[in-house]
Amino acid sequence: MKPISRRRFLQDAALAASSVTIAHAALAQSTSVDAHIDIAPAETIGTIAPEIYSHFIEQLGGVVYDGVWVGEKSKIPNHKGIRQDFINAMKEIEAPVLRWPGGCFADSYDWRDGLGPADKRPNRTAFWGQQESNRYGLHEFIETCRAIGCKPYLAADIRSQEAKDFYQLVEYCNAPSGNLPSNSAMPVAPDTLAAERAANGSPDPFNVQYWGVGNESWGCGGNMTPEEYAAAFRRYTAWLPGYGKEPLKLVAVGPNGNDLDWTRRMFKALSEKGEQRDVWGLSCHYYTSGSPSKFAQGDALNFNEADHYDLLARGSVMERIITGHYAIATAQGGQKQIKLVVDEWGAWYGKGTEIGPNYNLSQQSTMRDALLTGITLDIFQRHADKVGMANLAQTINCIHSLMLAKEDKFTLTPTFHVFKMYMPHKGATAIRAEFAASSIVNPLAVGPNAISGNDYSGSGDPERKLAGLSGSASIKGKELTLTVVNPHLTQAQTTEINIRSGSITSVKGTVLAGKDVHDHNDFSNTNAVHPVAATGNQPSGGRLIHTFPPASVTTLQFTLS
Ligand code: AHR
């Protein structure tokens, strides 16, 4: 079998429609097709970490308060104060990991404020211009994770707290209750922080494995230079208590968007002392603004055709970020084992569609956001060998949410449906899939593309084209899953799908496509956008002709003989 070269894939994807049709005319046989997908099950990329489908909540606007936390005495159905609809939705998509408490909020957060009797907890002035009651703290967060059945991921505050606060937080979370071996001549004794945790309601340790060593240390997390951050990382992680067999998974603060300079300098400084400190993950934050020239601008609901293609084209920059930063970390940084942790990503618009006045950063989510979700998840999967985790920002009532909730009102967004449709990929082996379709010109790619994660300080080449069809494929035993995004607003893509050396015994599919790309769910119509069964042709051998509707996300599940 001829292997698919990456270069050829990229060249093909950029071909004009006419040449694609000619090049594949022989394969197309009697049916005229617009595009081709060639899948090579033998060319494996890596296991798709289920953690690519992870989540993030922060003490911000209506995310935690009202979104997640309604309180035990609320009339809204809840489990120990946690909104039941939120738990149910997270269980439905088998959420693997939840990150908390931020975000920028984490960078000035004292974890001790959220412990103990609720009426004794302090009220603090906190990030985002907020007053924080600390009603939702560490125990409430862990209970949220336990109710969902997901793993916790904590971001430690290394801007305002000392190394001692960090290692004692690890001790509070992970030290077992009861007598612990002293590993010295001293007699066995219980750990005081574990006893405090037990007195606060949890004799069982939290067993937190994922730790962010800071958050956005180049910005709200301390305005550090990469060298300063590397020094802080070395100091805060020089010693941390470990209790289980598995080492802690430490995530270092990585770039703001595509800031390659940060990653280069940070890894250089990290190894300056001559010691090789293995880092489990490198955090990357990349938001796609609704505007090509201003960060966090543009309208979530009112956008035209040019805005649509531009947003999706700039969202596709994620692929460049992954390959660029992974290459630096593994080659120059010498971190062969490292995984990228894209722990903040999503489309970020300007004000105008908040669900209420105090729901800071909440925004509506349309079919356009569902397309961006599919494009991004497919990028992660095509780089399953590099991406260890990704957390959409943020799960509820925020930038690019899966759910919106206000008091007793609740709805799932189109993005939730994409997460559900992509579930068969979790834990499967990503395989090479070559897409050939005419690309779409980005009408707004006129100047340098600002591609910083949470502001527009950096710039890069404009993203001139958007793939006419993109997606990813994976295999688990005889089950092959293909997910495909057709971003075109008016053109369906009749596509020849060819599975190399494969014979298809059955195929089923699901498709998400609104009547209009502006379609969205809201509290008055929670089901305006929902997935339906994808209908189409019968396969023949390893081949299927399938039509992807305009502005759609599709999952096809093949059973091979
Ligand atoms: O997700 C909103 C904010 O975006 C986070 O608090 C911060 O880390 C990022 O800048």
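**Two sheets and a ligand site**

Nine strands make up an open sheet of mixed pairing, in the order E25-E24-E27-E22-E21-E18-E1-E23-E26. The edges are held by strand E25 (532–533) and strand E26 (543–548). Each of these two has a single partner strand, so one side of each lacks a neighbour in the sheet. The model described here is predicted.

At one of these edges, strand E26 runs antiparallel to strand E23 (residues 493–499), and six bridges join the two. Within this pair, Asn-498 stands opposite Arg-543 of E26. Helix H12 (residues 367–382) packs on the sheet. The strands that H12 touches are E1 (35–47), E18 (429–436), E21 (470–476), E22 (479–486), E24 (504–512) and E27 (552–560). The direction of H12 makes about 50 degrees with that of E21. A further helix, H13 (residues 414–421), lies across E24 and E27. Helix H13 runs at about 165 degrees to E24.

Eight strands form a closed barrel with parallel pairing. The order is E2-E5-E8-E11-E12-E13-E14-E15. On average, with direction ignored, neighbouring strands of this sheet are turned by 30 degrees against each other. One of the parallel pairs consists of strand E11 (residues 210–213) and strand E12 (residues 249–256), with four bridges between them. Here Tyr-210 stands opposite Lys-249 of E12. Helix H11 (residues 318–332) lies across four strands: E12, E13 (281–289), E14 (339–348) and E15. The angle between H11 and E14 is about 155 degrees.

The ligand has 13 residues around it. Those that come nearest are Glu-58, Cys-104, Glu-216, Tyr-287 and Glu-344. By class, the shell divides into six nonpolar, four polar and three charged residues. Polar side-chain atoms approach ligand oxygen atoms in several places. For Glu-58, a polar side-chain atom lies 2.7 Å from an oxygen atom of the ligand. For Glu-344, an N or O atom of the side chain is 2.7 Å from a ligand oxygen. For Gln-394, a polar side-chain atom is 3.0 Å from an oxygen atom of the ligand. Taken alone, the ligand exposes 280 Å², and the protein buries 99% of that area.

Gln-394 also takes part in an unusual piece of backbone. Most peptide bonds are trans. The bond joining Ala-393 and Gln-394, however, is cis, with omega about -15 degrees. Gln-394 sits in the loop between strand E15 (387–393) and strand E16 (403–406). A cis peptide bond also runs from Gly-102 to Gly-103, with omega near 10 degrees. Gly-103 belongs to the loop between strand E5 (97–100) and strand E6 (124–126).

The backbone also departs from the common pattern in phi. Most residues other than glycine have a negative phi. Glu-94 has a positive value, near 50 degrees. This residue lies in the loop between helix H4 (84–92) and E5. In the turn of a hairpin, Glu-407 has a positive phi of about 50 degrees. That hairpin is formed by E16 and E17, with two residues between the strands. Strands E16 and E17 (residues 409–412) pair in the antiparallel sense over four bridges. Across this pair, Met-403 stands opposite Leu-412 of E17.

Methods
Residues are numbered from 1 along each chain as its sequence is written. This is a predicted model: local features need pLDDT of at least 70, side-chain atom pairs count only at pLDDT 80 or more; totals for chains, interfaces and linings use all residues. Side-chain values use heavy atoms; hydrogens and water are left out. A residue is near a molecule or strand if one of its heavy atoms lies within 4 Å of it. A polar contact is a pair of N or O atoms within 3.5 Å; within protein, one must be able to donate a hydrogen and the other to accept it, and residues adjacent in sequence count only if both atoms are side-chain atoms. Accessible areas come from the Shrake-Rupley method with a 1.4 Å probe; for residues, only the protein chains shown count as cover. Ala, Val, Leu, Ile, Met, Phe, Trp, Tyr, Cys and Pro count as nonpolar, Asp, Glu, Lys and Arg as charged, and the others, Gly among them, as polar. Two strands pair if DSSP finds at least two bridges between them. Contact means heavy atoms within 4.5 Å. Axes are lines fitted to C-alpha atoms, for helices over the stretch in contact, and angles run from 0 to 180 degrees between N-to-C directions.
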